[in-house]
Amino acid sequence: MSTLPSKAEILDWIAANPTLSAKRDIAKAFGIKGAARIDLKRILKELESEGHLEKRKKTYRDPDRLPPVSVLQVRAPDENGDLFALPLEWHGEGVEPVVLVVPRASDPALGEGDRILARLQVVHEADHNYEARLIRRIGMSPRKVVGIFRKGAEGGRILPIDKGADKEWIVGPDATHGAKDGELVEAEQAGPRATRMGLPKARIVMRLGDPSEPKAVSLIAIHQHGIPDDFPPEVVDEADQMKPAGLKGRTDLREVPLVTIDPSDARDHDDAVFAEPDVDPKNAGGHVLWVAIADVAHYVRPGSKLDREAKKRGNSSYFPDRVVPMLPDRLSGDLCSLHEGVPRACIAVRMVIDAEGNKTSHKFVRGLMRSPASLTYQEVQAAQDGAPNEKTGPLLEPVIAPLYAAYAALKAARARRQPLDLDLPERKVVLSDEGKVTSVNFVERLDAHRLIEEFMILANVAAAETLIAKRTPLLFRVHEEPPADKLESLRETAEASGLTLAKGQVLKTAHLNKLLHDAAGKEEAELINLATLRSMTQAYYSPANFGHFGLALQNYAHFTSPIRRYSDLIVHRGLISAHGWGDDGLTEQEIERLEQTAQHVSDTERRSMMAERDTNDRYLAAYLSDRIGAEFGGRISGIAKFGVFVKLDETGADGLIPMRNLGREYFHFDREAGTLMGADTGVIIALGQRVLVKLVDAAPVTGGIGLELLELEDAEMPQGRGTGRPSRRPGGAGRGKPGGPPRRKEAKARHKDAKVKRKVTRRRTTKS
């Protein structure tokens with residue numbers, strides 16, 4: 001008969017073999033067979049009831065130890081940037097174990113609140129006793145919702161402000177956080193299970209005020225997308241203690257007239273430029289260009305509180321009424337802003353170009369500059385065009401004219417390089433002092449804008465080339481070639497418009513530019529530009545260099561905006577390390593985590609883009625909300641199973657025509673072609689078609705804009721449900737009996753014709 005082990009021996013075995021803790025494993029270890037297994041089961045039950053063991057599925061474990069595979073919740077990075085995690089399966093007594101998450105290069109970037117499944121290893125370090133290696137991420141931080149609180153007899157409900165949200169959230173009486181009826185609130189999920197009515201539970205964590213206040217618009221997006229908008233006191237304190245940098249260890253650039261050129265409403269000035277003719281006789285007609293960038297790395301050192309907060313934010317976020325900066329105002333608006341007349345620390349690059357605009361050499365320095373003037377794009381352009389003001393007049397000959405001369409050479413080089421040249425006018429929401437939309441204007445595109453853009457691109461190239469040459473790790477700005485399926489869709493769209501996109505050769509931006517040039521001035525121009533944009537991949541950051549397709553550049557990094565982009569700060573630190581300028585350069589720890597950093601800052605960039613887009617949608621909906629019933633021209637910008645998206649000409653706002661507002665007939669959705677076809681009339685609705693629509697709804701809180709189709713280009717539409725009407729275009733559709741259903745014979749003929757037309761239309765559409 002097998003000898004049973006003592007309880008102490010069983011506990012010692014489980015502690016030493018946490019992965020072999022099933023009853024079968026224990027029996028095998030102690031040679032327990034037959035009827036003795038019943039006694040072993042009794043002992044394990046006793047240990048469990050005494051609290052010495054915890055049954056976990058079919059295994060036992062010491063409750064004072066974590067299982068070898070555990071669920072953890074990631075905490076915020078500590079002062080060294082290390083990630084520690086809360087063990088959610090800890091049920092022991094005494095001090096909670098400390099778990100350090102040890103990331104691998106292939107792991108996704110983890111953030112505070114993320115839940116992960118990880119494999120644990122017991123260690124005996126001073127600051128932690130477990131190390132965790134990610135198996136997979138199983139959940140983000142607690143699901144959050146931003147919405148309108150409606151008070152009830154017992155707590156209340158939250159009506160989400162998301163366009164696509166269809167569920168309310170239940171709030172218990174003890175989870176309202178004192179919110180008032182109709183107030184805008186932020187809440188988080190209170191539990192994994194829904195109520196009996198199938199609605200999720202939530203607890204209100206923040207009251208955001210009156211949703212009808214104009215300045216609540218951007219606040220909604222900030223909280224909805226989880227953008228940190230308040231700096232912790234310790235971060236502000238660290239920034240407030242900073243002092244201006246001196247000349248020690250720096251190149252004196254204070255006599256170089258480096259001017260800043262920015263929008264009139266710029267909140268910071270992080271780049272300055274200067275140009276002059278090259279006096280070297282070997283470079284006749286050439287130019288010397290200077291680009292100086294605020295030396296943010298001098299103030300934001302690796303591992304500091306400022307650094308951790310900047311990395312967490314990833315970038316600044318810009319809204320019509322406010323900026324959520326990456327750095328506190330003491331830095332972003334003061335010490336790191338290149339204000340006129342005051343010395344400022346900078347990292348500058350001196351670049352030499354020839355008469356054709358080709359860069360022949362460059363050199364970086366860590367300097368101290370003093371800008372003679374902070375200028376706007378408009379006043380610089382006016383001065384160049386012959387209308388200088390008091391500020392730009394004295395600078396015209398020595399500073400402004402040489403900048404434009406250098407730009408002329410760079411423009412020639414750009415024309416040879418052929419970066420992608422899309423023509424998609426940008427619109428800007430203009431607000432009153434009270435925060436209400438006063439107008440939606442096209443952003444004026446001046447040569448002054450293009451000048452700064454070309455100078456910055458050249459400086460970014462120089463930074464990438466320097467770090468590559470010095471074998472210093474960096475974050476590249478990567479833009480990969482369009483995928484084959486999207487290119488084919490673009491090619492079909494071009495062919496349907498009577499245009500051609502080259503096939504059977506390595507795609508270059510020059511090929512796309514020829515297509516865009518051929519479409520310029522034609523009715524299809526906007527469609528071709530939009531389709532080309534949709535065929536592009538999204539740019540991102542990476543420690544590996546895959547080139548920048550859109551700019552037609554092989555080596556490209558972001559160097560010019562470290563005040564508002566963490567990626568640029570990494571490049572600055574790389575330059576500091578590569579040149580041996582100080583101990584505030586790129587650390588080994590940062591180099592090890594470049595992959596995670598690249599993923600994180602790419603994610604935060606997309607987060608900001610979505611928040612900025614949502615804010616504009618809400619402002620535009622507010623702007624249009626008092627024009628319900630008005631008619632607008634537009635173009636179809638997207639087609640889905642549930643309706644048609646239209647971009648309005650006047651404001652650039654995107655609205656939705658739901659299926660019920662398309663007309664009386666049923667429409668078939670062709671996912672492959674991206675079209676809708678009327679079952680009775682055979683009418684085809686495709687991307688890029690001109691439309692006349694009526695505004696039927698505009699919800700400022702959600703940003704949703706509802707439309708009804710009135711007229712469709714080159715198509716005969718049946719009258720809509722009570723409000724639609726046939727086309728009024730001369731010689732066009734709608735000449736039949738108004739409001740009457742199409743005759744079956746005519747419908748069959750149109751449907752037959754549509755089969756042919758449908759094939760053509762397939763070529764006119766793209767997949768988004």
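**Helix α12, its partners and selected loop residues**

Immediately following helix α12, residue G521 adopts a positive phi of about 85°. The model in which this glycine is described is a predicted one, and the helix that precedes G521 spans residues 509–519. Within α12, the buried positions are T509, H511, L512, N513, L515, L516 and A519. These buried residues pack against three helices, namely α9 (396–417), α11 (484–496) and α13.

The pairing of α12 with α13 can be described in further detail. Two packed helices are described by the angle between their axes and the distance between the axes. For α12 and α13, the latter comprising residues 525–535, the axes come within 8 Å and cross at roughly 160°. Because an angle over 145 degrees counts as roughly antiparallel, α12 is assigned a roughly antiparallel arrangement with respect to α13. The crossing by which α12 passes α13 is left-handed. On the α12 side the contact is formed by L515, L516 and A519, while α13 contributes A525, I528, N529 and T532. Classified by residue type, this contact of α12 with α13 contains five nonpolar and two polar residues, and no charged residues. L515, L516 and A519, which make the α12 side of the contact, are also among the buried residues of that helix.

Positive phi values also occur at residues other than glycine. One of them is Q418, whose phi is near 65° and which is located in the loop between α9 and β22 (427–431). With a relative accessibility of 28%, Q418 counts as partly exposed. Another is R471, which is not a glycine yet has a positive phi of about 55°; this arginine lies in the loop that runs between α10 (447–469) and β24 (476–478). R471 counts as exposed, its relative accessibility being 78%, so that it lies above the cut-off of 50% used for that class.

Two further loop residues were examined for their surroundings. T176 is situated in the loop between β10 (169–171) and β11 (184–194) and is nevertheless buried, with a relative accessible area of 11%. When residues up to four places away in sequence are not counted, T176 touches F149, G155, V171 and I204; of these, V171 belongs to the residue range of β10. D680, by contrast, is placed in the loop between β30 (675–678) and β31 (684–685) and counts as partly exposed, at 38% relative accessibility. The C-alpha atoms of D680 and Y666 are 7.5 Å apart in space, although the two residues are separated by 14 residues in sequence.

Cysteine residues were also considered. The structure holds zero disulfides. C336 is buried, with a relative accessible area of 1%, and C346 likewise counts as buried, at 0% relative accessibility.

At the level of the whole chain, the predicted model contains 17 helices and 33 strands. Of its 768 residues, 49% count as buried. Among contacts between residues at least 6 apart in sequence, 66% join residues that are at least 24 apart.

Definitions and conventions
Residues are numbered from 1 along each chain as its sequence is written. This is a predicted model: local features need pLDDT of at least 70, side-chain atom pairs count only at pLDDT 80 or more; totals for chains, interfaces and linings use all residues. Side-chain values use heavy atoms; hydrogens and water are left out. Helices (H or I, at least four residues) and strands (E, at least two) are DSSP runs, numbered from the N terminus. Buried means under 20% relative accessible area, exposed over 50%, partly exposed in between (1.4 Å probe, protein chains only). Contact means heavy atoms within 4.5 Å. Axes are lines fitted to C-alpha atoms, for helices over the stretch in contact, and angles run from 0 to 180 degrees between N-to-C directions. Angles under 35 degrees count as roughly parallel, over 145 as roughly antiparallel, 65 to 115 as roughly perpendicular and the rest as oblique. A crossing is left-handed if the near helix is turned anticlockwise from the far one by less than a right angle, and right-handed if clockwise. Ala, Val, Leu, Ile, Met, Phe, Trp, Tyr, Cys and Pro count as nonpolar, Asp, Glu, Lys and Arg as charged, and the others, Gly among them, as polar. A disulfide is a pair of cysteine sulfur atoms within 2.5 Å.
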